Amino acid sequence: MESERNSLLALFDHEMREHARPDGPGVRVERAGDVVRQVGAADDWNGVVWSAPDLDPARADAAIAAQIAYFTALGHDEFEWKAYTHDRPADLPERLRAAGFVPEPPETLLVAPVASLPTAVELPEGIELRTVTDAAGVELMGRAHEQAFGTDWSRLGHQVLARLEESSDDAPSFVGVLAMAGEEPVSSARMEFCPGTGFAGLWGGGTVAPWRGKGIYRALVAFRARIAAERGYRHLQVDATDQSAPILRRLGFSELSTTTPYVYRPAR
């Protein structure tokens with residue numbers, strides 16, 4: 001079992017991190033020495049997605065300094081180093097903090113075989129699912145997101161709208177879904193495809209407080225799992241919060257690692 005987990009983690013690192021794909025139009029992924037980074041405009045996600053597995057302390061400090069210099073020169077308000085517990089050196093988090101990075105809450109990297117996941121969508125009375133096809137749908141996603149998580153949607157909304165606009169029936173890269181109580185959005189979620197890999201990523205999945213505990217989150221997972229199966233993806237991946245991780249484990253997801261966003265905000 002442990003060997004299967006290690007093999008799956010190695011596959012994830014290879015396909016989703018070392019050979020990461022841009023997550024939106026106008027974004028590029030670059031290999032820069034010991035790291036792989038994504039670079040885009042100010043509203044895009046900018047940061048380090050992978051570092052070499054044999055990174056030693058001296059090279060780690062040099063890589064950290066180089067990325068600070070690079071992103072600061074671009075003038076971004078912030079960038080992120082997405083670190084995992086299995087990354088090296090073992091004290092990489094301490095080195096990032098010493099360089100001025102601030103950790104955000106950690107998330108659990110969970111992965112499940114698509115073939116083993118339930119795909120039957122069971123909804124509470126009064127709720128229906130609606131796929132997101134336009135800017136109005138993205139705005140509804142934002143309303144649900146801000147109520148569920150209490151965080152601003154504006155930057156993420158820009159990224160979601162760009163991803164939706166680049167997606168097509170011939171080359172799907174994004175699926176957005178809303179749970180609606182009449183005309184009121186009570187939950188939203190999205191799935192991002194990574195062509196050329198066996199992975200699709202589940203993101204969002206926030207439900208407003210009065211509707212939690214009624215099975216909506218599970219229904220959104222099943223809805224997306226069915227689409228992933230239809231499109232031939234083998235695994236679903238989630239960076240799960242403490243709130244969603246227990247539900248996902250019950251559905252058949254297994255923990256591979258923990259990931260923490262380390263955010264650097266250049267002094268102005």
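Me: Which residue classes should I have in mind before I read the lining of a pocket?

Reply: Ala, Val, Leu, Ile, Met, Phe, Trp, Tyr, Cys and Pro count as nonpolar, Asp, Glu, Lys and Arg as charged, and the others, Gly among them, as polar. In this structure the lining of the second largest pocket has 6 nonpolar, 5 polar and 2 charged residues. The model is predicted, with local features needing pLDDT of at least 70 and side-chain atom pairs pLDDT 80 or more, while totals for chains, interfaces and linings use all residues. Side-chain values rest on heavy atoms, without hydrogens and water, and residues are numbered from 1 along each chain as its sequence is written.

Me: What is a pocket, and what volume does the second largest pocket have?

Reply: On a 1 Å grid over the protein atoms alone, a pocket is an open set of points where a 1.4 Å probe fits, with protein on both sides within 12 Å along at least five of seven lines, and lining residues have an atom within 4 Å of a point. A volume is the space filled by probe spheres set on the points, which are joined across faces, edges and corners; here it is about 260 Å³. Of the 13 lining residues, Val132, Leu164, Asp169, Phe174 and Val175 are the closest to the centre of this pocket.

Me: Which strand gives the most to the lining of the second largest pocket?

Reply: Strands (E, at least two residues) and helices (H or I, at least four) are DSSP runs, numbered from the N terminus. The chain has 12 strands and 7 helices, and strand E8, residues 174-181, gives the most to this lining, with 3 residues.
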